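Me: I would like a close look at one part of this chain, with enough of the surroundings to place it. Please keep to what the model shows.

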Amino acid sequence: MTGRALYFTGGKSVAVREEPIGDPGPAQVRVRTERSGISPGTELLVYREEVPGELPTDETIEALDGTFSYPLKYGYAAVGRVTAVGSDVDDDWLDRRVFAFNPHESHFLADPETLVPTTLAPERALFIPNVEAAVNFVMDARPRIGARVAVFGQGPVGLLTTALLSEFPLATLVTVDPCGARRELSEALGADRSVAPDGLDAAIEDPDIAFELSGNPTALDDAIDATGYAGRVIVGSWYGTKDVQLDLGAAYHRSHIRVRSSQVSRIDPDHADRWDKDRRLDVVRSWLSDTDLSALCTHEFGIERAPEAYRLLDERPDDAVQVALTYE
């Protein structure tokens with residue numbers, strides 16, 4: 001019996017390869033994937049060869065050991081059902097739907113402790129990692145009542161951050177994106193206004209908080225420039241090997257602006273006294289169970305058409321929001 005796995009094989013090159021499907025070890029389960037989500041952030045950096053090859057993929061995720069050097073299996077949003085269990089694993093796991101931080105492949109073996117059981121439909125469960133990232137950004141920003149907030153970038157994680165922020169008692173929530181379709185989605189998810197980059201100054205005055213989630217280094221300079229005195233800039237983007245040029249002249253020098261990185265793999269020490277990843281994940285699952293994100297699911301491709309999916313995201317990003325791979 002063979003399955004299929006996606007490999008990043010070089011710059012703008014992916015391949016689907018057949019591989020043997022293994023039997024689970026005593027402490028493992030085997031999962032048959034139903035859907036997996038493609039990240040237009042980190043995955044596109046890998047696809048475009050914009051990540052240092054020697055960099056570890058993610059030391060906090062068991063399925064992502066190794067480095068970013070080609071060829072590699074990558075991806076971290078897989079939803080499927082358990083189809084076999086090892087001799088030491090409870091049979092209750094059989095046929096259970098689970099989410100896994102696992103690369104794109106039709107079958108995989110895993111330690112049950114690394115899986116997230118879920119009753120969510122696959123098309124909703126695949127948003128777990130992006131919602132977790134969005135929750136992390138908002139936790140790190142700590143918006144106060146009446147705050148003025150700007151969000152740069154309305155890709156999947158930017159839109160989800162907007163949806164979460166819309167539930168806070170903010171004075172103003174303005175989002176920024178060059179794509180008109182994404183701006184419409186942003187307002188549908190709760191933004192007071194969503195504007196093109198040249199419309200920000202007229203839409204919001206002196207934001208207390210700016211989120212930079214576009215993946216575009218130029219937007220970081222714009223976010224710092226737009227933020228009011230002593231405000232905060234939360235940087236959720238990873239720019240990979242792209243150059244980042246900032247104007248940190250007199251205006252910034254006197255601004256007392258705080259620029260803070262935010263990344264989901266770990267809980268920031270500021271929250272570690274009360275929060276851990278399990279508690280944050282509970283928030284994610286609860287929010288997803290009550291939130292309809294179907295408008296964000298714009299494209300599905302069978303895994304055999306994966307090269308077409310990546311070309312879409314690379315060449316026509318404004319045509320897509322969340323792209324998923326399916327497995328028949």
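Leaving aside its neighbours within four places in sequence, which residues is Leu288 in contact with?

Reply: The model is predicted, and what follows is read from it. Outside the four places on either side in sequence, Leu288 is in contact with Leu120, Arg124, Phe127, Ile128, Val131 and Leu293.

These contacts belong to a wider setting. Leu288 is listed with Val149 and Phe211 as the residues with the most contacts inside the largest nonpolar core, which has 43 residues. Five elements give two or more residues to this core: helix 3 (128-141), strand 8 (148-152), helix 4 (156-165), strand 11 (209-212) and helix 9 (277-289). Helix 3 gives the most, with nine residues. A second core, separate from this one, has 26 residues and includes Ile38, Ala309, Tyr310 and Leu312.

Strand 11 can be followed further through Ala210, which is placed in it. Ala210 counts as buried because its relative accessibility is 0%, and buried here means under 20%. Not counting residues up to four places away in sequence, Ala210 touches Ala150, Phe152, Ala223, Thr227, Arg232, Val233 and Ile234. Val174 is 36 residues from Ala210 in sequence, and the C-alpha atoms of the two are 9.6 Å apart.

An annotation covers part of this region. An unreviewed UniProt entry places the feature "domain: Alcohol dehydrogenase-like C-terminal" at residues 156-266. In the model, that span is 33% helix and 18% strand, and its end C-alpha atoms lie 20 Å apart.

For the chain as a whole, the secondary structure comes to 10 helices and 15 strands. Of the 328 residues, 52% are buried. Among contacts between residues at least 6 apart in sequence, 66% join residues at least 24 apart. The radius of gyration is 20 Å, which agrees with the value near 20 Å for a compact globule of 328 residues. Along the principal axes, the C-alpha atoms fill a box of roughly 65 × 40 × 35 Å. The accessible surface comes to about 15200 Å², and 45% of it belongs to carbon and sulfur atoms.

The N-terminal end gives a contrasting piece of local detail. Strand 1 (residues 2-10) pairs with strand 2 (residues 13-20) in the antiparallel sense over eight bridges. One of the bridge partners can be named: Phe8 is matched with Val14 in strand 2. The two strands form a hairpin with two residues between them. Lys12, in the loop between strand 1 and strand 2, has a positive phi of about 50 degrees although it is not a glycine. Lys12 is partly exposed, with a relative accessible area of 49%.

Two other backbone features are worth checking on the display. Asp95 is not a glycine either, yet has a positive phi of about 70 degrees; its place is in the loop between strand 4 and strand 5 (97-100). A cis peptide bond joins Tyr70 and Pro71, with omega at about -10 degrees. Pro71 is found in the loop between helix 1 (42-47) and strand 4 (78-85).

To return to the residue you asked about: Leu288 is among the residues with the most contacts inside the core of 43 residues, and its contacts beyond its sequence neighbours include Leu120, Phe127 and Val131.

Notes
Residues numbered from 1 in each chain as written. Predicted model: local features only at pLDDT ≥ 70, side-chain atom pairs only at ≥ 80, totals over all residues. Heavy atoms only, no water. Core = buried A, V, L, I, M, F, W, Y, C linked by side-chain atoms within 4.5 Å. Buried < 20%, exposed > 50% of the residue type's maximum accessible area, 1.4 Å probe, protein only. Helix = DSSP H or I, 4+ residues; strand = E, 2+ residues; numbered from the N terminus. Contact = heavy atoms within 4.5 Å. UniProt positions renumbered as here; feature names shortened; annotations may be inferred. Rg over C-alpha atoms; globule rule 2.2 N^0.38 Å. Areas by Shrake-Rupley, 256 points an atom, 1.4 Å probe, with all protein chains shown as cover. Pairing = 2+ DSSP bridges.
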